Each structure stands twice: as C-alpha cells, then as structure tokens.
Amino acid sequence: MRVVALACLLASSLAVADDATDLKTKLAQYQSFSANFSQKVVDGEGNLAMQATGQMAVERPQKLYWHTQSPDETLLVSDGKTLWLYNPFVEQVTLYSPKEAVGRTPMLLLSSQDPAVWSQFDIKANGQDYDIKPKDEKDAYVTALTVKFSANKVAGLVIHDASGQQNTVTFSDFQSPRAKDDKVSFSFTPPAGVAVDDQR
C-alpha cells in the first residue's frame with residue numbers, strides 16, 4: 001500500500017511539474033505580444049468595484065508594459081531589472097525589483113524565463129487554461145491567477161487577491177510578435193516634479 005501511495009504521489013508531482021513546463025513552453029512561443037485589455041473587478045460579495053480599459057505589451061525576457069487608460073490612468077513598466085508603477089494623479093512613481101514584485105504583479109510571469117520566479121508558484125492545467133497559486137500564501141497579495149488561452153492566443157487573466165476581489169482581464173486585438181511602431185517603451189523616466197519611492 002505504501003508503494004502504491006508513493007507511486008500516486010510521485011505521479012501527481014510529475015503531472016504538476018509537466019503543467020508548469022507546458023505553460024512555460026506555450027508562453028515561450030510568444031517572444032513578444034501586445035493587446036488591448038478590458039478589466040472588470042468584483043468584490044468578495046460579487047459587487048462591481050471597477051471597470052477599466054488599456055493597452056499592454058510583453059517582450060521576453062521579463063519586459064512588461066501595462067497602461068491603464070480609463071477611468072484612472074496608471075502605468076506599470078518593467079525592463080527586467082526595475083519595475084516602475086506610476087500614478088500620474090498622485091504624481092508618484094514607485095520602483096520595485098521584478099523578482100520581488102511578481103507576487104503582487106503576477107502578469108510578470110507572462111514574460112519571465114527566470115526559474116527562481118517560476119519556482120514560487122504551483123501550476124495546474126485546467127483545460128486550455130492554467131491555474132497558478134503562490135506556494136507561500138501567507139503574505140501573498142495575489143492568492144490565485146488563471147492564464148486563459150483561446151485559439152492558441154493568450155485570451156486573458158483572472159486574478160484573485162487577498163481582499164477577496166476577483167479581477168477579470170480580457171485581451172483583444174492580440175498581436176504576436178507585437179508591432180514595433182506601437183510607441184510602447186519598456187523603460188520609464190519620471191516626469192519632473194514626480195515623487196520617487198524606491199522599494200528595490
């Protein structure tokens with residue numbers, strides 16, 4: 001019985017490992033991509049908390065551009081070494097290390113090839129989609145993430161956070177490789193007068 005139980009446990013572990021490999025392989029076929037996105041956030045009781053639209057782009061390795069344009073503008077940019085979170089309304093930009101910020105901003109997984117980053121998560125296939133959970137849930141801001149695929153394209157994300165909110169992101173106008181004339185930049189220079197909070 002112990003041998004059977006051990007064999008089942010090993011098979012389960014290998015399946016989970018294969019799911020992680022499958023997801024990394026799927027994402028690796030997109031050296032870069034861009035899309036428009038619509039975003040819907042509901043609270044723990046199912047009430048609509050926010051709706052937003054914007055533009056995003058990814059370029060491997062670890063480059064991310066996430067520009068929320070409406071209703072309130074914010075900009076999230078990573079060049080692989082630094083992640084900038086800019087809020088023009090409060091005139092502040094916060095700097096993070098991407099490796100440390102992935103727990104709060106798991107969209108970085110879309111462009112990451114770093115084994116140390118991927119090792120922080122358990123990954124399980126669910127049909128075409130992949131469910132991702134942090135191994136250390138104690139201090140995790142994002143408690144679960146689903147990467148959704150459709151017709152061999154990244155179709156969107158579903159993000160659950162520690163406050164009980166569910167954030168559903170749907171991509172449209174998906175392009176891979178991304179157009180190089182889309183004015184997206186993976187670096188950021190704070191405008192004059194903006195407060196800088198360096199958390200790296």
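Which residues does Gln62 touch, not counting residues up to four places away in sequence? I would like to come to that residue by way of the strands around it, and I should say at the outset that what we are looking at is a predicted model.

Let me start with the sheet as a whole. It is an open sheet of twelve strands with mixed pairing, and its order runs β7-β8-β9-β10-β11-β1-β2-β3-β4-β5-β6-β12. At the edges stand β7, residues 121–126, and β12, residues 195–198, and because each of them has a single partner strand, one side of each is left without a neighbour in the sheet. Neighbouring strands of this sheet are turned against each other by 20 degrees on average, if direction is ignored. As general background, strands of a sheet pair through backbone hydrogen bonds, either parallel or antiparallel.

Now to the strands that lead us to Gln62. Strand β1, which covers residues 32–42, pairs with strand β2, residues 48–59, in the antiparallel sense over eleven bridges, and within this pairing Ser34 has Ala57 of β2 as its bridge partner. The two strands form a hairpin with five residues between them, and in the turn Gly46 has a positive phi of about 85 degrees.

Strand β2 also pairs with strand β3, residues 63–70, again in the antiparallel sense, over seven bridges, with Thr53 standing opposite Ser70 in β3. This hairpin has three residues between the strands, and here Gln62 takes a positive phi near 65 degrees.

So much for the route; Gln62 itself is placed in the loop between β2 and β3. Is Gln62 buried or exposed? Its relative accessibility is 19%, and because buried means under 20%, Gln62 counts as buried. To return to the opening question, Gln62 touches Ser78, Asp79, Gly80, Ser111, Ser112, Asp114 and Val117, with residues up to four places away in sequence left out of the count.

For a second residue, please turn to Tyr96, which lies in strand β6, residues 92–96. Tyr96 is partly exposed, with a relative accessible area of 25%. Apart from neighbours within four places in sequence, Tyr96 is in contact with Lys81, Thr82, Leu83, Leu85, Ala101, Gln199 and Arg200. Of these, Lys81 is 15 residues from Tyr96 in sequence, and the two are 8.8 Å apart in space, C-alpha to C-alpha.

Finally, elsewhere in the sheet, strand β9, residues 142–150, and strand β10, residues 153–161, pair in the antiparallel sense over eight bridges, and there Val147 stands opposite Leu157 in β10.

Note on methods:
Residues numbered from 1 in each chain as written. Predicted model: local features only at pLDDT ≥ 70, side-chain atom pairs only at ≥ 80, totals over all residues. Heavy atoms only, no water. Helix = DSSP H or I, 4+ residues; strand = E, 2+ residues; numbered from the N terminus. Buried < 20%, exposed > 50% of the residue type's maximum accessible area, 1.4 Å probe, protein only. Contact = heavy atoms within 4.5 Å. Pairing = 2+ DSSP bridges. Axes fitted to C-alpha atoms, helices over the stretch in contact; angles between N-to-C directions.
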